[in-house]
Amino acid sequence: MTRPDVFGAIHLGYVAIETQRFADWRRFGADAIGLHVDELTRDTTRFRLDEHVCRFLLQRGPAEDVTALGWQIDDHETFEIVLARVANAGVRVSEATPEECNLRGVERLWRFPGPKGMATEIFTAPTTSTARLRMLQSGFVTGASGMGHVAITARQPDRIRGYYGRVFDARLSDWVQENIAGARLRIRFLRVNERHHSVAVAGVQGLRIDPIRTAIQHLNTQVESLDDLLAAYERVIAHGFHMQWSVGQHTNDRELSFYCVTPSGFEWELGWNPIVVTPDLEEVWAPKTYDSISIWGHTPIGESVLTRLTQFRYAAASLRGGRSELPVLR
């Protein structure tokens, strides 16, 4: 029997974050990046990019990290296929409570363990709103491409690639080999729909170490115009947030972007105009290896000796084990 292919029916839908730094996050989200903010309670805030009522869910807690990635599935039939794959692989799955669904703005939600301690949450039927967005951007590119992408560093990147391939039928877009902050990285770019990549997975070549404290290295959102990108760059600096990498253009997806540091420590990439792997391109797409992550720009800003020492400390700690990178799929 032919295995059903769910590629194209999966979209990154929301990101859940645990933080104590609500005031900083509000300034970062609203005043710097330019998002719509809904403060639900003292302990709960949501950010919007589009008609979905929840694209980022911030809840009070000590982690200062991403705790879950929410993946929208187009229909209930595909939802059942994905759920059965995970359950049949011996991974524990659980249904969310009505309160959890309401906070995330979804109709139906199940979760199971994902990479680096994050939950993978799959959902259908997101709640939408026609209320006017109060944000500084003219708009974000979402739709069939999902809300953006995430990048993960890992001691065993091949296992994470296998995870997304087995669960979501992710396809390899390409590889990049690059020296970043003294580490030689090999980065795999995985797509689950027309977006060039929804997940990027980086590993240090020759060493099973992970120099990043947080579950993700960065997340990406895509603005509609170059003016939006450049205005946000100026706002991030003006509001005192750290700019990690200057504006530049990537080699593989050709996106123009910059990277800044969020209040929880992982980076936020704001981008514009990447390649879209349309059906005609999909037919002829062949993965390539690029020897640099950027054509131009993306120069590091203000990297300190302390930054390097911190990365070495997390890398050394990762050699001793730490949190499990992935559930075991039988």
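Two aromatic rings of Phe, Tyr or Trp, the last represented by its six-membered ring, are taken as a pair if their centres lie within 6.5 Å. On this basis, a search of the whole structure, which is a predicted model, finds 14 aromatic pairs. One of them joins W25 and F28, whose ring centres are 5.6 Å apart and whose planes stand at 85 degrees, so the pair is edge-to-face, the angle being over the 60 degrees that this class requires. Both residues belong to helix α1 (residues 22-33), where they are three residues apart, about one turn of the helix. W25 counts as buried because its relative accessibility is 0%, and F28 is likewise buried, with a relative accessible area of 0%.

W25 also pairs with F266, and here the ring centres are 6.0 Å apart with the planes at 40 degrees, so the arrangement is tilted. This contact between rings links distant parts of the chain, since W25 lies in helix α1 whereas F266 lies in the loop between β15 (256-261) and β16 (267-272), 241 residues apart. Like W25, F266 is buried. Both residues are members of one aromatic cluster, which is formed by W25, F28, F47, F56, F241, F266 and W268. Another aromatic residue, F7, has a charged neighbour, with R171 lying over the face of the ring at 3.8 Å from the ring centre.

As regards the backbone, eight strands form an open sheet of mixed pairing, in the order β2-β3-β4-β1-β5-β8-β7-β6. The edges are occupied by β2 (36-41) and β6 (94-95), each of which has a single partner strand, so one side of each is left without a neighbour in the sheet. Within this sheet, strand β7 (residues 106-113) and strand β8 (residues 119-126) pair in the antiparallel sense over seven bridges, and F112 has T120 of β8 as its bridge partner. Helix α2 (residues 76-88) lies across β1 (10-19), β5 (65-73), β7 and β8, and runs at about 15 degrees to β7.

The count of disulfides comes to zero. For C54, the nearest cysteine sulfur is that of C101, at 12 Å, whereas a disulfide would require the two sulfur atoms to lie within 2.5 Å. C54 is nevertheless buried, its relative accessible area being 4%. C260 is also in no disulfide, and the nearest cysteine sulfur to it, that of C54, is 20 Å away; at 0% relative accessibility, C260 counts as buried.

Methods:
Residues numbered from 1 in each chain as written. Predicted model: local features only at pLDDT ≥ 70, side-chain atom pairs only at ≥ 80, totals over all residues. Heavy atoms only, no water. Pairing = 2+ DSSP bridges. Helix = DSSP H or I, 4+ residues; strand = E, 2+ residues; numbered from the N terminus. Contact = heavy atoms within 4.5 Å. Axes fitted to C-alpha atoms, helices over the stretch in contact; angles between N-to-C directions. Phe/Tyr/Trp six-rings, centres within 6.5 Å; stacked < 30°, edge-to-face > 60°. Buried < 20%, exposed > 50% of the residue type's maximum accessible area, 1.4 Å probe, protein only. Lys NZ or Arg CZ within 6 Å of the ring centre and 35° of its normal.
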